[in-house]
Amino acid sequence: MNTAAEHDRSPAAAYARSAEAAGRAPSIHNTQPWHWRVHPDRLDLFADTTRALPGTDPDERMLLVSCGGALHHAQVALRAQGHLAQVRPLPDPAQPDLLATLTISGDEPATAQDVRLVQAIQLRHTDRRPTVDLAVTAEQVDELRRIAGEFGVHLHKLTRDQVSELAVAVSRAEEAAAADPAMQAETAAWTGPGRPADAGVPPEFIPDRRPETDVGEREFTARGALAVGGGHDKSSTYAVLFGEADDRAAWLRAGQALSAVWLHATALGLAVLPYSQVIEIDGSRAMMRRILSNLGYAYVVLRLGVADPDHPLPGHTPRFPFDTTTTIDPS
Ligand SMILES: Cc1cc2nc3c(=O)[nH]c(=O)nc-3n(C[C@H](O)[C@H](O)[C@H](O)COP(=O)(O)O)c2cc1C
């Protein structure tokens with residue numbers, strides 16, 4: 001639990017509360033690869049490379065995207081407490097693991113939308129069940145595109161033909177992952193029976209059988225226990241978050257955009273499933289670039305849809321305790 005008392009209005013208390021809220025951010029295999037340092041005058045976000053996945057994610061692309069998501073969660077939490085924040089991404093080249101510094105730059109009452117977003121942090125989850133037969137509207141996609149754009153990231157809704165190409169790229173990625181012992185070992189370590197108690201993906205969040213979908217879901221090594229209905233992905237919208245650069249700063253921004261899109265989608269009642277294996281594997285990542293007509297680099301693929309109301313998810317995936325992921329600087 002966070003040590004900041006509810007009535008404590010100091011910046012340090014606001015930073016600590018934001019770091020705590022950011023703990024609920026999504027991350028690759030629920031590795032939560034971040035560490036926060038709360039200072040009296042700023043909040044620092046570090047990559048925790050002890051939770052990196054060198055076999056699956058050798059460039060730390062998904063680690064940076066995950067940390068970008070935590071950064072955006074912290075921004076949302078600061079805003080909901082009535083603070084405006086300045087973000088300095090990758091502020092010190094001598095400290096590559098210092099990913100961002102957040103500083104309160106002013107105060108302004110939170111709007112209703114700010115409050116809805118911070119509430120969405122508690123509701124958001126990854127939904128691997130097939131979606132029901134209701135389409136995501138063009139207005140909803142436009143809204144999510146606008147939100148990604150605020151971070152300099154594009155959201156492209158795939159056409160029917162591009163979804164077929166995506167399905168091929170995803171199955172290539174699955175084959176490559178299945179043949180890679182390092183990837184298999186990491187997937188097992190974070191999603192199998194020996195996963196850490198406060199992290200990883202428990203079986204209740206993994207489908208108990210392969211859903212009937214055109215675009216295959218990520219294969220986890222462990223058997224799942226999440227009951228799935230007979231739904232399909234025909235009504236789902238597949239979209240790609242992409243941008244012009246493919247470096248650490250771009251991946252961090254992609255994570256902020258992913259979080260913003262996901263929280264807004266949650267507030268709109270939409271279910272979200274990220275697909276990253278197709279980006280992790282070099283060959284399928286190149287296929288995604290071709291699907292985008294070489295206009296940019298794909299960061300993550302999203303399946304958006306309306307969740308199956310007959311099969312609720314069993315709560316939320318676990319998280320590390322606050323003091324595992326946060327250090328409070330006493331000075
Ligand atoms: C960068 C990133 C990549 C992810 N890739 C996948 C994926 O390929 N397949 C999948 O089923 N879930 C994927 N996830 C979802 C995570 O497994 C999920 O966020 C984590 O288990 C925590 O669960 P929650 O999102 O329900 O809180 C990804 C999440 C992030 C942030």
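1. The ligand sits in the largest cavity. Here a cavity is a set of points on a 1 Å grid over the protein atoms alone where a 1.4 Å probe fits but cannot get out; sitting in it requires more than half of the ligand's atoms within 2 Å of its grid points.

2. This is a predicted model: local features need pLDDT of at least 70, side-chain atom pairs count only at pLDDT 80 or more, and totals for chains, interfaces and linings use all residues. Residues are numbered from 1 along each chain as its sequence is written, and side-chain values use heavy atoms, with hydrogens and water left out.

3. The ligand is surrounded by 23 residues (a heavy atom within 4 Å). Among the closest are Arg-124 and Arg-319. The shell splits into 10 nonpolar, 9 polar and 4 charged residues.

4. Polar contacts are N or O pairs within 3.5 Å. The Thr-126 side chain places an N or O atom 2.6 Å from a ligand oxygen. For the Ser-276 side chain and a ligand nitrogen, the distance is 2.8 Å. A backbone N or O atom of Pro-274 is 3.3 Å from a ligand nitrogen.

Definitions and conventions:
A polar contact is a pair of N or O atoms within 3.5 Å; within protein, one must be able to donate a hydrogen and the other to accept it, and residues adjacent in sequence count only if both atoms are side-chain atoms. On a 1 Å grid over the protein atoms alone, a cavity is a set of points where a 1.4 Å probe fits but cannot get out, and a pocket is an open set with protein on both sides within 12 Å along at least five of seven lines; lining residues have an atom within 4 Å of a point. Ala, Val, Leu, Ile, Met, Phe, Trp, Tyr, Cys and Pro count as nonpolar, Asp, Glu, Lys and Arg as charged, and the others, Gly among them, as polar.
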